[in-house]
Amino acid sequence: MAKIAVTGGTGFVGGTVAAVLADKGHDVTCLVRRDPGPGFPWLARIVDTEDVSSLARGLEGCDAVAHLAIYNDFGGIYADRRRGYDGYVGLTRRVVDAANQIDCLVGYVSTDWVFDGTGHLVDEEEPPNPVNLYGFLKASSELVVLERAKAGFVARVGGVQGLHQTQAQGPRSQDVGFGYFVLAIVDALRSGARFLVWEDPHINSIATPIVSPEIGALLGRAVDRRIDGVLHLPAARR
Ligand SMILES: NC(=O)c1ccc[n+]([C@@H]2O[C@H](COP(=O)([O-])OP(=O)(O)OC[C@H]3O[C@@H](n4cnc5c(N)ncnc54)[C@H](OP(=O)(O)O)[C@@H]3O)[C@@H](O)[C@H]2O)c1
């Protein structure tokens, strides 16, 4: 079993990825930017995510890193494009550079939003065609991994459903897209709030939802096989 670092382990998808990898017997270390508190379920190493040396120290002894951390604010990346670019592409470049120092495999979790959201079940050779800044930044980050990592792969997922492992609730209102759609509905209805479903020409309208534990299991298999290139991990039905 591999020793796997996880970035974004305090987040919605990363927490479940960490949980599933640990359940499957992998040795999991979450790279976090602040102390996650005493109840945090996995080993956590605090790193300065702006500093490659700090990230490299955090990765010491790891065979692979599952990179899920992003500046996850759809409005924020438009409002402050430099911060947005750095929170996707810059951060990914630093993680890759740190991983390269110790021959650590990089598994980057990307999105079906690198496509335009009008098709379904395209294959991995399909060229990206993002319709919004989020998709552009994710496609750019993918290239960093594919072109710069000594060993790395991109795993595209979409419309992730599941529970948040370390927070009692998900985001109270639905974010753009279909991620945590069910969790957001349950949270809203439980608190008697109205539920707003997003619709916009710049938001992909076709999703193939996946449950987050599947992502953890598939990432673990990809790490075990030390794959490279692009993997599509969508569900079978849109
Ligand atoms: N949710 C979906 O439906 C979906 C679909 C496709 C792909 N994805 C991908 O899955 C990944 C995780 O998404 P999510 O929904 O789980 O997001 P999330 O819940 O918002 O979690 C974001 C994570 O990134 C960390 N982070 C944010 N800014 C950072 C920075 N500047 N430096 C270091 N860490 C930072 C956060 O840490 P703190 O706790 O310190 O803030 C948190 O752990 C993303 O790469 C996303 O593109 C998600």
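**Helix faces and helix packing**

Author: Leu189 and Arg190 are exposed, on the other side of α6 from its buried residues. The model is predicted: local features need pLDDT of at least 70, side-chain atom pairs count only at pLDDT 80 or more, and totals for chains, interfaces and linings use all residues. Residues are numbered from 1 along each chain as its sequence is written.

Reader: What makes a residue buried or exposed?

Author: Count the other C-beta atoms within 10 Å of its own, with C-beta atoms placed from the backbone. With 20 or more the residue is buried, with 12 or fewer it is exposed, and in between it is partly exposed.

Reader: Why is Tyr85 called partly exposed?

Author: Tyr85 has 18 C-beta neighbours inside 10 Å, so it falls in the class between buried and exposed. Tyr85 lies in helix α4. A helix here is a DSSP run of H or I, at least four residues, and a strand is a run of E, at least two; both are numbered from the N terminus.

Reader: How do you know that the buried residues of α6 line one face?

Author: Those residues are Phe181, Ala184 and Asp187, in a helix spanning 181-190. Seen down the axis, they fall within an arc of 130 degrees, so they line one face. The arc is taken from the directions from the helix axis to the C-beta atoms. Their cover includes β7 (160-161).

Reader: Why are α2 and α4 called oblique?

Author: Helix α2 (residues 52-59) and helix α4 (residues 81-101) pack at about 55 degrees, with axes 8 Å apart. Axes are lines fitted to C-alpha atoms, for helices over the stretch in contact, and angles run from 0 to 180 degrees between N-to-C directions. Under 35 degrees is roughly parallel, over 145 roughly antiparallel, 65 to 115 roughly perpendicular, and the rest oblique. The angle of about 55 degrees is in none of the named ranges, so the pair is oblique.

Reader: What makes α4 roughly parallel to α5?

Author: α4 and helix α5 (residues 133-148) pack at about 15 degrees, with axes 9 Å apart. That angle is under the cut-off, so α4 is roughly parallel to α5.

Reader: What is Tyr85 in contact with, leaving aside its neighbours within four places in sequence?

Author: Tyr85 is in contact with Gly90 and Leu137. Contact requires C-beta atoms, placed from the backbone, within 7 Å.

Terms used:
Two residues are in contact if their C-beta atoms, placed from the backbone, lie within 7 Å.
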